[in-house]
Amino acid sequence: MQASYGKTDLSEFDEPRTVVIWSSFMAGRNLEREILNSGQPLWAFKLKLEDTFLSKFNNPVALDVPGYSYMKEQHDRERAALKAFFNDKSITIEEYDKIAFEHHKRIKSEFLDAIASGNHELVMGYFNLADTIGHLSFGVTSKMRLIYDELSQLVGAVQARYDYPLLIISDHGMKPVGRFGDHSDYGFWASNVKLDLTTPKITEFADIITTVMKHKDAHKSDRT
Ligand SMILES: [Zn+2]
């Protein structure tokens, strides 16, 4: 539980598409039309550093962020595995989960290393474990509890070691469809900084992050 939290408003988008939402989050403006009209495949879209809020920070790191530093091959593998499961059951749910977990471990260790190095004014990581596993198992409460525990522990590991503003934010939520899962049309945010927000748009966070980080020492006593 953080000092402030709530839902995000995604109503400005036709659909909660991961690449569109993260790109718009990073740019601080709605890029849906621009991306869909760009003529290139959705997952190939890439913003330049100077078009994102990251450019306002010294030596920023953004790991595996869709629309920016996304590891396309890995996620192509995940999507191919998902298709293989639904098409002909040529892979099992356990094999599918393993692909997602191995990638998660890699990003988690790079993320914690980047924070521990002290070399970056801002570190961002994209963790798609709940989304990827959720597609085949969101209705399996016991498994999803383990996934959320893993993500909570990651947040706990960061908070225990560093006194720093933290934002946890999703592109979209998930809803169960039988044992499977699909994207829901709003997301969630939480922060260890007291932020006076009700249901912010995802495109508002670029300014919020920049403002909070530039005044982070003033906010120190507010943090949990
Ligand atoms: Zn998904």
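**Exercise 1. The surroundings of helix α1**

Task: Identify which elements the buried residues of α1 pack against, and determine to what extent α1 is enclosed.

Solution. The buried residues of α1 pack against α2 (32-36), β3, α5, β4 (167-169), β6 (180-183) and α7 (205-214). The model in which these contacts are found is a predicted one. The next step is to list the residues concerned: Thr18, Val19, Val20, Ile21, Trp22, Ser23, Ser24, Phe25 and Met26 of α1 are buried. Because 9 of the 10 residues of α1 are buried, the helix is largely enclosed by the rest of the structure. After α1 comes glycine 28, which has a positive phi, near 75 degrees.

**Exercise 2. Aromatic pairs of tryptophan 22**

Task: Classify the pair formed by the rings of tryptophan 22 and phenylalanine 25, and then the pair of tryptophan 22 with tyrosine 126.

Solution. Step one is the choice of descriptors: the distance of the centres and the angle of the planes describe a pair of aromatic rings. A search of the whole structure yields 12 aromatic pairs. For tryptophan 22 and phenylalanine 25, the ring centres are 5.3 Å apart and the planes lie at 85 degrees; the pair is therefore edge-to-face, since planes over 60 degrees apart fall into that class.

Step two concerns sequence position. Tryptophan 22 and phenylalanine 25 are 3 residues apart in helix α1 (residues 18-27), and so about one helical turn separates them. Tryptophan 22 has a relative accessible area of 5% and is buried; phenylalanine 25, at 2%, also counts as buried.

Step three turns to the second pair. Tryptophan 22 and tyrosine 126 are also edge-to-face, with 5.8 Å from centre to centre and 70 degrees between the planes. This pair links distant parts of the chain, as tryptophan 22 belongs to helix α1 and tyrosine 126 to the loop between β3 (123-125) and α5, 104 residues apart. Both tryptophan 22 and tyrosine 126 are buried.

Finally, the pairs can be placed in a wider network: Trp22, Phe25, Trp43, Phe53, Tyr70, Tyr126, Trp189 and Phe205 are linked by ring pairs into a cluster. Trp43 of this cluster also has a charge over its ring, since the charged end of arginine 79 sits 4.0 Å from the ring centre of tryptophan 43.

**Exercise 3. Helix α4 and its two partners**

Task: Determine how α4 is oriented relative to α5 and relative to α3, and describe each contact.

Solution. Two packed helices are described by the angle between their axes and the distance between the axes. Helix α4 (residues 93-117) packs with helix α5 (residues 129-137) at an angle of about 175 degrees, the axes being 9 Å apart. The two helices are therefore roughly antiparallel to each other, the cut-off for this class being over 145 degrees. From α4, the contact involves Ile93, Tyr96, Asp97, Ala100, Phe101 and His104; from α5, Leu129, Thr132, Ile133, His135, Leu136 and Ser137. These residues comprise 7 nonpolar, 4 polar and 1 charged.

For the other partner, the axes of α3 and α4 cross at roughly 170 degrees and come within 10 Å. It follows that α3 and α4 are therefore roughly antiparallel. In this contact, Gln74, His75, Arg77, Glu78, Ala81, Leu82 and Phe85 in α3 meet Ile93, Tyr96, Ile99, Ala100 and His103 in α4. The classes are 7 nonpolar, 3 polar and 2 charged residues.

One residue illustrates the α3 side. Glutamine 74, in helix α3 (residues 72-88), has a relative accessible area of 11% and is buried. Beyond its neighbours within four places in sequence, glutamine 74 is in contact with Ile99 and His103.

**Exercise 4. Positive phi outside glycine**

Task: Decide whether asparagine 59 and aspartate 64 are buried, partly exposed or exposed, and locate each in the chain.

Solution. Asparagine 59 is not a glycine, yet its phi is positive, about 45 degrees. Asparagine 59 lies in the loop between α2 and β2 (61-63). With a relative accessible area of 44%, asparagine 59 is partly exposed.

Aspartate 64, likewise not a glycine, has a positive phi of about 60 degrees. The location of aspartate 64 is the loop between β2 and α3. At 1% relative accessibility, aspartate 64 counts as buried.

Note on methods: Residues are numbered from 1 along each chain as its sequence is written. This is a predicted model: local features need pLDDT of at least 70, side-chain atom pairs count only at pLDDT 80 or more; totals for chains, interfaces and linings use all residues. Side-chain values use heavy atoms; hydrogens and water are left out. Axes are lines fitted to C-alpha atoms, for helices over the stretch in contact, and angles run from 0 to 180 degrees between N-to-C directions. Helices (H or I, at least four residues) and strands (E, at least two) are DSSP runs, numbered from the N terminus. Angles under 35 degrees count as roughly parallel, over 145 as roughly antiparallel, 65 to 115 as roughly perpendicular and the rest as oblique. Contact means heavy atoms within 4.5 Å. Ala, Val, Leu, Ile, Met, Phe, Trp, Tyr, Cys and Pro count as nonpolar, Asp, Glu, Lys and Arg as charged, and the others, Gly among them, as polar. Rings of Phe, Tyr and Trp (its six-membered ring) pair if their centres lie within 6.5 Å; planes under 30 degrees apart count as stacked, over 60 as edge-to-face and the rest as tilted. Buried means under 20% relative accessible area, exposed over 50%, partly exposed in between (1.4 Å probe, protein chains only). A charge sits over a ring if NZ of Lys or CZ of Arg is within 6 Å of the ring centre and within 35 degrees of the ring normal.
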